[in-house]
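Colleague: I'm new to reading models like this one. Please pick a single loop residue, take a close look at its surroundings, and keep it friendly.

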Amino acid sequence: LTCLYFSPYSLLGKADFPFLPGEKLEYNLSWGFIPVGSAVMEIAPRDSLSNEPWQIRFSVKTNSFADKFYKVRTSVTSWVDSNFTRSLRYVKSQQEGKTKKEIDVTYDYSKKEVIYLENEQSPRLLSLGGNVYDPLAIAFAFRCFPVEAGKYKILPTCDGKKFLNVRVKVGKKEKVNVPYGSITGNDVTPDMKDLSGVFKKSPKGILRVWYSADERRIPLRISSKVVVGSFTAKLINAKNLLKGKN
C-alpha cells in the first residue's frame, strides 16, 4: 500500500470542493434484512466564497419497531474552517438506549487546547498541537482528496477525549447498488484498532464505507459487522450535489 499522509495545506481551492453548501444525503438503516430507521447527513447553506465555517449535520433515528428494543435519537453538528483544514467545534446530542449525553467540544487553536464538556460535568482540557478533525468532519475531509485503489490516508482526529491518526484504506472499485441507483464506488475501510465503543468489543468488527468513484466521492453505503450483528445504511436520496453531475 502507498500512504498519503494528510496535509492540511494540500486541499483544493475554495471553489473546488467535491461537495456544495446545501448538500443533503438521506439513508435507510437496516439490521440484516430488517428496516430499523433512517439517517440524514447534510451541509448547511453558506456563501461558497466566504470565510465563514462549514457546518455539517448528521442525525439518526430508529423506527417504531426498533424503538421497542433500542431507541436512538442522536444528532451531531460539526463546524469546520472555510478551507476545510480543521474542526472548530463539535456538538453531539446522544440518546441511544439508556445512554443520554450532551457533548460540546471546542478546538481553540490560539490557546492550543481542546475543551470537552459533557452534560453537567466539569470541563476537560487537552493540549492541542496541530490541526485535527472531529469524528463527523473526517467523513467529509476524506472526500477532499483523489481516491485511488491500493492507497490509504491518515486523518488526524480528536473527539475531545483523545487524539487518533485514523488510517483509512481505499479498496477496489465495484458497482454499488443502493436505492438511489447503481453507482461505481470505492470500498473504504478505516483501521478498526483506532475505533472504540462496540467495535472495540468485537475483534472481527468491520466498518466499510463505499464512496462514489467520481470527484464528488459521495458516501453511498455504510456497513458495519460487529458483535451485535450487521448494520447497513444505504443512500435513498441526494439533493444539491456538485453541479454538472447526476
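Modeller: Here comes a quick overview, followed by a close look at one loop residue and then a few other loops and turns.

This is a predicted model, so local features need pLDDT of at least 70 and side-chain atom pairs count only at pLDDT 80 or more, while totals for chains, interfaces and linings use all residues. Residues are numbered from 1 along each chain as its sequence is written, and side-chain values use heavy atoms, with hydrogens and water left out.

First, the setting. The protein has two helices and 15 strands (DSSP runs numbered from the N terminus: H or I of at least four residues for helices, E of at least two for strands). It is made of 246 residues, and 45% of them count as buried; that word means under 20% relative accessible area, with exposed over 50% and partly exposed in between (1.4 Å probe, protein chains only). Among contacts with a separation of 6 or more, 48% link residues 24 or more positions apart (a contact is heavy atoms within 4.5 Å).

Now for the residue I picked, Phe-84. You'll find Phe-84 in the loop between strand 5 (73-80) and strand 6 (87-96). Being in a loop doesn't put this one on the outside: Phe-84 is buried, with a relative accessible area of 0%. Its backbone is worth a look too, since phi of Phe-84 is near 60°, a positive value in a residue that isn't glycine.

What about ring neighbours? Rings of Phe, Tyr and Trp (its six-membered ring) pair if their centres lie within 6.5 Å, and planes under 30 degrees apart are stacked, over 60 edge-to-face and the rest tilted. By this rule there are 11 aromatic pairs. In one of them, the rings of Phe-84 and Tyr-133 have centres 6.2 Å apart and planes at 35°, so the pair is tilted. Phe-84 lies in the loop between strand 5 and strand 6, and Tyr-133 in the loop between strand 9 and helix 2 (137-141), so the pair ties together parts that are 49 residues apart in sequence. Tyr-133 is buried as well, at 1% relative accessible area. Both belong to one aromatic cluster, together with Phe-17, Phe-19, Trp-54 and Phe-140.

For another loop residue, try Asn-119. Asn-119 sits in the loop between strand 8 (113-118) and strand 9 (124-127), and it also has a positive phi, about 50°, without being a glycine. Asn-119 counts as partly exposed, at 39% relative accessibility, whereas Phe-84 is buried.

A positive phi turns up in a hairpin turn too. Strand 10 (residues 151-158) and strand 11 (residues 163-178) pair antiparallel over seven bridges (strands pair if DSSP finds at least two bridges between them). Tyr-152, for instance, has Lys-169 in strand 11 as its bridge partner. These two strands form a hairpin with four residues between them, and Gly-160 in the turn has a positive phi of about 100°.

Follow the chain onward and strand 11 is joined by nine bridges to strand 12 (residues 181-190), again antiparallel. Lys-175 has its bridge partner, Thr-184, in strand 12. This hairpin has two residues between its strands.
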